[in-house]
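Student: I should like to go through the terms used for this structure. Could each one be set against its definition?

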Amino acid sequence: MTDPGFGGLPRPQVTLDAARELAARLFGVTGEATELGSQQDRNVLLDGPRGRFLLKIGNPAFLPEETAAQNAAMRAVAAHGIACPTPVPTLDGREQAEVELDGRRHIVRLLSFVEGAPLIDRPYLADAVRAELGAVAGRVSEALAPLAGAGFERRLQWDLRHAEDVVAELRDFVPAERRTLIDAATAAAGAALAPLRELLPLQVVHGDLTDDNVVTEPGPDGRPRITGVIDFGDVAVGWRVAELAVSCSAVFHHRPGSPLAVLPLIAAFDERVPLTDDEIAAIWPLLVLRGATLVVSGEQQVVIDPENDYADSAREREWRMFAVPAAFDTRVATAAIRRRLGRPVESEPVPAGRPLLPAVPAVVDLGWSSRALRDGDWLAEPRGTEVRVLAAAAARAGAAATRYGEARLTRSHAPSATAPHDVALGIELRVASPQALTAPFPGRITPVEGGLRLVGERLELRIDGVDGSAEREVAAGDALGTVDGTAWLQLVAREGLVADPPRYVPADEAAAWTIRCPDPSTLLGITAAPQEETRASVLRRREGSYSTLQSHYYADPPRIERGWREFLIDTDGRHLVDMVNNVTALGHGHPRIAAAAADQWSMLNTNSRFSYGAVGDLSERLLATVPAPFDTVLLVNSGSEAVDLALRLARAFTGRPDVLCVQESYHGWTVASDAVSTALSDNPLAGETRPEWVHVVDAPNAYRGRHRGEDAGARYAADAVMEIDRLAAAGTPLGAFIAEPRNGNAGAIEVPPGYLAAVSAAVRRHGGVWIDDEVQVGYGRQGDVFWGYQQHEGVLPDVITVAKAMGNGHPLGAVITRREIADALAAQGSFFSSAGGSTLSARIGVEVLAVLHDEGLQEHAQRIGARLRERLERMQARHPMIGALHGRGLYQGVELVRDRETLEPATAEAGLICDRMLELGVVVQPTGDRQNVLKVKPPLCIGEASADRFVDALDAVLRDGW
């Protein structure tokens with residue numbers, strides 16, 4: 001580059017007609033011309049008979065040997081197996097041509113065109129995609145390492161060795177309100193980098209390996225796969241680690257709220273190109289300098305080339321690429337990087353000195369395990385709850401303290417798309433009466449408003465909420481001041497400190513922040529909070545002792561230890577909107593259910609062969625929900641047991657073993673209930689293991705089944721009736737027909753009108769009974785009806801099975817039928833379920849029905865369900881992947897397809913979408929044989945904000961990617 005400074009380089013003034021003429025004259029290539037974005041060159045895409053090519057008219061500041069070096073770099077990267085542009089020779093066999101434009105020499109090249117969409121077009125980058133970018137950067141670094149030559153020795157404004165000079169020269173182009181931050185951040189980054197400059201390895205680097213310069217194609221799961229690298233205009237000798245820093249900087253505008261989102265990228269690069277300790281220490285300062293360089297250069301470029309829409313549109317994005325790393329503590333970031341790479345991290349030792357207080361305070365738990373936090377008070381009145389719990393503990397012990405490093409529920413928030421800043425980097429101290437504090441180590445006291453700072457050799461103790469101090473030197477044990485009420489204590493390591501550290505941080509940053517804010521627990525004489533068992537460790541123990549046959553959601557599941565209403569709460573304090581727990585119909589942690597269970601346990605828990613009132617209470621309440629001739633209830637432990645018992649009753653009553661069921665249905669895991677379960681997602685061998693007494697007809701699915709449209713119910717019914725008549729004629733008339741009034745496991749699929757009436761009538765005509773499986777869809781979940789069968793005109797089952805919601809998570813189920821059917825089993829002996837009708841189970845069952853009524857949860861399900869459906873319908877119009885919406889009330893399904901015509905299921909996409917939804921604070925899972933229907937069956941108490949959070953999260957994922 002001929003310019004010794006870092007002045008801007010406006011693009012060559014070349015029209016598209018002139019570009020076409022150059023391509024035809026020099027390279028013999030013709031075609032339609034389209035300009036592509038560039039900061040300093042003129043890039044033109046040519047699409048013609050010979051294919052697609054990139055005509056690159058170089059800035060006159062670039063020398064022939066420099067563009068020749070770029071050509072060599074492209075060949076080296078291509079030889080390394082990475083798709084990239086390569087030079088196309090001129091008509092006379094040269095890799096580049098020199099032409100005169102406006103009296104100046106320009107280098108003109110024709111490059112092969114690498115197809116694909118730039119990664120920058122993808123708003124969301126998953127961990128796997130960021131890791132792939134890091135791996136590609138590492139491979140490019142490997143490919144370029146052997147190169148050398150004069151053409152690579154260039155003085156570029158993008159060479160991060162010159163970043164401070166570039167910023168100093170171009171800072172005046174930045175608006176004044178942003179210039180101060182640029183100056184301060186650049187100075188701090190430069191100071192951190194100064195001792196490392198001569199220790200960082202040099203080599204040829206691409207220099208601009210960003211999301212704008214890698215191209216992708218969609219993978220089979222819809223997630224982008226990096227397929228090539230483009231734009232070698234900044235190839236030059238530079239710091240090797242700068243290649244990584246440039247790639248990392250691109251992440252920040254995709255994830256501005258997550259500074260450490262670069263960690264997967266860094267780890268992947270390190271696997272290919274192991275980083276030295278000096279390079280690791282340089283990464284964050286280089287990220288700040290890269291961002292600052294982008295900002296000042298972009299502002300200058302717009303001034304000198306006002307028609308450059310590419311540069312103009314990038315300005316806000318480039319500001320985020322600077323502002324995110326600039327606002328994050330460099331020492332903390334470096335510690336996080338070292339931890340991710342498995343390198344040791346040395347925390348600042350806390351000096352063993354004199355205690356702050358004469359007596360050790362009681363330790364208060366405000367995390368997930370706290371029993372002092374009850375009934376959601378941490379959400380309703382967060383600060384008031386903290387004060388109440390601390391004050392109560394202090395009143396008992398004289399003083400009380402919170403735990404350092406604890407994810408406080410009181411600092412959580414719900415519902416939210418982002419993780420809460422809830423992990424404490426300090427301790428809150430509460431005293432019942434004024435107490436004097438003494439210096440734990442020697443230092444200088446500096447008073448501040450509302451508190452003081454005790455500045456030691458390497459550590460600073462910050463105490464807010466203490467008075468009576470003047471600036472002075474103190475020895476360990478000297479008086480500091482007096483605390484009356486509440487004080488905040490925080491230790492801060494002073495080395496490299498630029499800004500005040502936060503009091504609370506997200507859980508994924510907490511471990512790294514210990515390098516800046518060590519644990520002050522020993523200063524109070526209290527034991528540090530025990531290390532939380534990691535989610536990975538919990539999963540390893542589970543899989544080591546608990547059968548993997550009992551599977552779990554998610555490949556990397558959060559550790560869930562608490563719940564409240566519609567929220568599942570992980571040990572990081574994150575409140576996740578629970579969209580799958582139809583079992584916990586009333587919501588998690590319901591105080592009335594907890595109180596009823598505790599009260600009954602304290603009184604009696606025994607089986608139903610003893611006589612007590614709760615069994616009668618529950619049975620009467622259940623019968624009150626159904627019409628005559630239902631008059632008998634049997635209580636069991638689960639839905640599987642209920643179905644199993646119902647099948648046995650039907651066989652005893654009719655004397656016939658044969659049962660008819662529908663495809664894609666699930667009824668349980670016992671031998672009998674599994675036999676009539678046809679869902680391949682639950683039992684892939686269902687078709688092979690089905691006993692001969694089970695007969696299957698098509699699922700009446702009017703969306704993707706054999707019969708579709710308004711008369712689908714009649715046509716499916718005709719097929720089923722034909723099979724029923726055939727079986728009777730063959731001498732094997734049915735004893736029972738079992739079906740859900742809505743196919744829950746398939747994704748809340750509607751059973752079309754007329755189907756159940758016609759099929760149940762045919763079954764009864766031949767002496768059989770209809771078992772209505774309401775385990776999933778009943779108990780008010782559908783909103784406008786209490787039982788699912790009630791949505792179908794003119795039908796009444798012979799047997800109803802129910803469970804799940806009956807106990808709000810406690811194992812409880814029931815079979816509701818006519819006495820004549822129940823009595824048919826008497827010849828085979830009496831029926832008994834140890835826990836099904838126990839005093840505890842029956843008492844809980846009664847309370848669940850009472851709460852359903854008292855809190856109007858069925859009506860609430862109808863209202864919130866309608867809100868969900870209306871919003872999902874609007875969203876369906878924007879997102880072709882939503883093929884159909886099923887269900888009603890709070891039992892719905894969102895069916896995802898790749899094509900609305902072929903109905904190809906979006907199975908792989910559905911799984912990744914659920915993973916992304918978890919990041920956004922929503923627990924949702926796919927269901928159905930194709931695993932492409934998102935099941936929407938939250939606790940019936942779900943609030944509008946949480947329902948909206950689900951829809952907003954799904955909208956964002958379908959818009960921005962997964």
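Tutor: We may begin with one pair of residues: in β39, Val933 is the bridge partner of Glu895. This is a predicted model, in which local features need pLDDT of at least 70 and side-chain atom pairs count only at pLDDT 80 or more, while totals for chains, interfaces and linings use all residues. Residues are numbered from 1 along each chain as its sequence is written, and side-chain values use heavy atoms, with hydrogens and water left out.

Student: How do you know that strand β36 and strand β39 pair?

Tutor: Two strands pair if DSSP finds at least two bridges between them. Strand β36 (residues 891–896) and strand β39 (residues 933–936) have four bridges in the antiparallel sense, so the pairing criterion is met. The names come from DSSP runs numbered from the N terminus: helices are H or I runs of at least four residues, and strands are E runs of at least two.

Student: What makes β35 and β38 edge strands?

Tutor: The open sheet has four strands in the order β35-β36-β39-β38, with antiparallel pairing. β35 (882–888) and β38 (926–927) each pair on one side only, and are therefore its edge strands.

Student: Which helix lies across β35, β36 and β39, and how is its angle to β35 defined?

Tutor: Helix α25 (residues 857–878) lies across these strands and runs at about 170° to β35. Axes are lines fitted to C-alpha atoms, for helices over the stretch in contact, and angles run from 0 to 180 degrees between N-to-C directions. Contact means heavy atoms within 4.5 Å.

Student: Why is Tyr779 called buried or exposed?

Tutor: Buried means under 20% relative accessible area, exposed over 50%, and partly exposed in between, with a 1.4 Å probe and protein chains only. Tyr779 has a relative accessible area of 1% and is therefore buried. Tyr779 is in the loop between β32 (769–773) and β33 (799–802), and has a positive phi near 70° although not a glycine.

Student: What makes Asp231 partly exposed?

Tutor: The relative accessible area of Asp231 is 28%, so the residue falls in the range between the two cut-offs. Asp231 also has a positive phi, of about 60°, without being a glycine. Its place is in the loop between β10 (224–229) and β11 (236–239).

Student: How do you know that the reach of α26 is close to the expected value?

Tutor: The expected span of a helix is 1.5 Å times one less than its number of residues. Helix α26 (residues 907–919) has 13 residues, with 18 Å expected, and reaches 19 Å from its first C-alpha to its last. The helix is followed by Gly921, whose phi is positive, near 90°.

Student: Why are the buried residues of α16 said to be on the same side?

Tutor: In α16 (residues 591–603), the buried residues are Ile593, Ala596, Ala597 and Gln600. They cover an arc of only 95° around the axis, which puts them on the same side of α16. The arc is that of the directions from the helix axis to the C-beta atoms. As background, an α-helix has 3.6 residues a turn, so residues three or four places apart point the same way. The buried residues of α16 pack against α24 (839–854).

Student: Which residues are joined by cis peptide bonds, including the one with omega of about 15°?

Tutor: A cis peptide bond with omega of about 15° joins Ala628 and Pro629. Another joins Ala414 and Pro415, with omega of about -10°.
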